Amino acid sequence: MDSWVRFSAQSQARERLCRAAQYACSLLGHALQKHGASPELQKQIRQLEGHLSLGRKLLRLGNSADALESAKRAVHLSDVVLRFCITVSHLNRALYFACDNVLWAGKAGLAPFVDQEKWAQRSFRYYLFSLIMNLSRDAYEIRLLMEQESSTCGRRLKGSAGGTLGGGEAEVAVGGSAPGGSLPYLALQLRLQVLLLARVLRGHPPLLLDVVRNTCDLFIPLDKLGLWRCGPGVVGLCGLVSSILSILTLLCPWLRLKP
Amino acid sequence: MDTFTRFTNQTQGRDRLFRAIQYTCMLLRYLLESKADREKVVMKLKKLESSVSSGRKWFRLGNVVHAVQATQQSIRVSDLVPRLCLTIANLNRVIYFVCDTILWVRSVGLVADINKEKWRKWAARHYYYSLLLNIIRDVYEVSLQMEQIAQEKAKREKSMPQNHLGPCIADEETEWLQSFLLLLFRSLRKHPPLLLDTVKNLCDILNPLDQLGIYKSNSGIIGLGGLLSSIVGMITVAYPQMRLRTC
């Protein structure tokens, strides 16, 4: 009970819970439609989803300030690439929240002249840019960690005779220049890279969570902007998974990717 | 902006801010309703008020657990009167949140056959009881403070005998009222959290009094009362040392 009280005291946590519920409703609605459930039940689920969406817009009022504050903090990061990616991502998020506030004003009847479609498209565009920046940052971090990992691996293999990889593989991993460009060699290189990636991600759960979350989130604006129509089922599932992962990072702060 | 972010990161902070906006709209509507060419503004204020009010329900979902926890904490209070008052007040809050959740279920359309009026009356009644008990507790704490200050004053006067002109018999009653008010003022000034809590409860009770028909006021007074109590709520969230402790 104490953990629920502490969790729900954060406004972001409540918003994430509503998001999870919204995408669960979307997924459920799609499943019910496919299996021919009663139109009454489908209408109820759609209505609940609509209420959740509007409620979330109200819960998010004021998040622009939060995003701008995070962008201000990110400007002081030491690494250039990280600084660029994170700052631009937060700025795009701030713009996304601003568009979202305009949509709320339109839906609440305060500004009836607001073109819902146009502003919704705008908001999804900013959301997409922010996700692309997040994924670029993730890719950069992964690249750094893989380089670090392969150099430590190489040093360990040079030092000791066998090592975890086989003798031939060890030479390939340590060496660098390829003896010719044969296909089996490339396949081996690819396998090594994949193994290295898996090792890096397994050793850094916050990074893994962030990658999975951003990838799942990516499907939502891609579908809504019409760039890659994946259907409401996929969107619902991806949204639900990413919401659960972000709730996890709120419950366990060590799982959050710093900075 | 950093303080604003930290404030709005707490659910209660955000909720109090929206509550302040909701009651400001109510107050402004009351003030502008009588004016001739302000119908559009009044309508926009009404729409804003109703969206904020329905959106705030999302902040209250799950608060039953908060109220149950508060009840458990209030059972452990040392002094008898506050323990009794707070425990029963928190129990009433639990019932209020249960009624509120049922009303939410009705408003999102999950269950259609719920008697909204009946549950609304129930919610208002239990909210009223909980506020009443909080006010009784505040009065008890104020009286304790006043007693303490009066005793200190008596001790000081005993140690330093003064020669003051005795009051004339006709002024005894006004003098008693004056000294009572002075004592009240001093004890509230010495204990700001108690003052804030008393103001908040007194402002909050106007709404259920109106809803239950016990004391019908107008939307202007309710709006002003709600706005004041929301501001006090925001102060206690921003400065936790201003919250009245239960010890």
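Which residues does A:Arg137 touch, not counting residues up to four places away in sequence? In this predicted model, the list reads A:Leu82, A:Cys85, A:Ile86, A:Leu257, A:Lys258 and A:Pro259. A:Arg137 itself sits in helix α6 of chain A, which covers residues 116–159. With a relative accessible area of 7%, A:Arg137 counts as buried, because the cut-off for that class is under 20%. A:Arg137 also forms a salt bridge with A:Glu141, and the closest N and O atoms of this pair are 3.1 Å apart. Both partners belong to helix α6 of chain A and are four residues apart, or about one turn of the helix. A:Glu141 is buried, as is A:Arg137.

A pair with a like spacing can be found in helix α1 of chain A, where A:Asp2 and A:Arg6 are four residues apart and so separated by about one helical turn. These two residues form a salt bridge, with 3.3 Å between the closest N and O atoms. Here the surroundings are more open to view: A:Asp2 is partly exposed, at a relative accessible area of 40%, and A:Arg6 is exposed, at 55%.

A further salt bridge joins the side chains of A:Glu15 and A:Arg56, at 2.8 Å from N to O. This one links distant parts of the chain, since A:Glu15 belongs to helix α2 of chain A and A:Arg56 to helix α3 of chain A, 41 residues apart. Both A:Glu15 and A:Arg56 are buried. The two are also members of one network, in which salt bridges with shared partners join A:Glu15, A:Arg16, A:Arg56, A:Lys57, A:Arg60 and A:Asp100. Over all chains, the count comes to 19 salt bridges.

Turning to the interface, the contact between the chains involves 33 residues from chain A and 32 residues from chain B. About 2,800 Å² is buried between chain A and chain B, and carbon and sulfur atoms give 61% of that area. On the chain A side, A:Met1, A:Arg14 and A:Leu58 lose the most area to chain B, together 21% of what that side buries. Zero salt bridges are found across the interface of chain A and chain B, whereas 19 residue pairs are in polar contact between the two chains, counting pairs with both residues at pLDDT 80 or more. Helices α1 (2–8), α2 (11–34), α3 (39–59) and α4 (63–74) of chain A each supply at least two residues of the side that touches chain B. The largest share, eight residues, comes from α3(A). By class, this side of chain A has 16 nonpolar, eleven polar and six charged residues.

The nonpolar cores complete the picture. The largest has 27 residues, and those with the most contacts inside it are A:Leu52, A:Leu58, A:Trp104, B:Phe18, B:Val52 and B:Trp58. At least two residues of this core come from each of α2, α3 and α5 (80–107) of chain A, and from each of α2 (11–33), α3 (39–60) and α5 (80–107) of chain B. With six residues, α3(B) gives the most to this core. Leaving aside neighbours within four places in sequence, B:Val52 is in contact with A:Leu58 and A:Trp104 from chain A, and with B:Phe18, B:Ile21 and B:Gln22 from chain B. A second, separate core of 20 residues includes A:Ala13, A:Ala20, A:Ala67 and A:Leu240.

Definitions and conventions
Residues numbered from 1 in each chain as written. Chains lettered and ligands numbered in written order. Predicted model: local features only at pLDDT ≥ 70, side-chain atom pairs only at ≥ 80, totals over all residues. Heavy atoms only, no water. Contact = heavy atoms within 4.5 Å. Buried area = accessible area lost by both parts, 1.4 Å probe. Salt bridge = Lys/Arg side-chain N within 4 Å of Asp/Glu carboxyl O. Polar contact = N/O pair within 3.5 Å; in protein donor to acceptor, adjacent residues only side chain to side chain. Nonpolar A, V, L, I, M, F, W, Y, C, P; charged D, E, K, R; others polar. Buried < 20%, exposed > 50% of the residue type's maximum accessible area, 1.4 Å probe, protein only. Core = buried A, V, L, I, M, F, W, Y, C linked by side-chain atoms within 4.5 Å.
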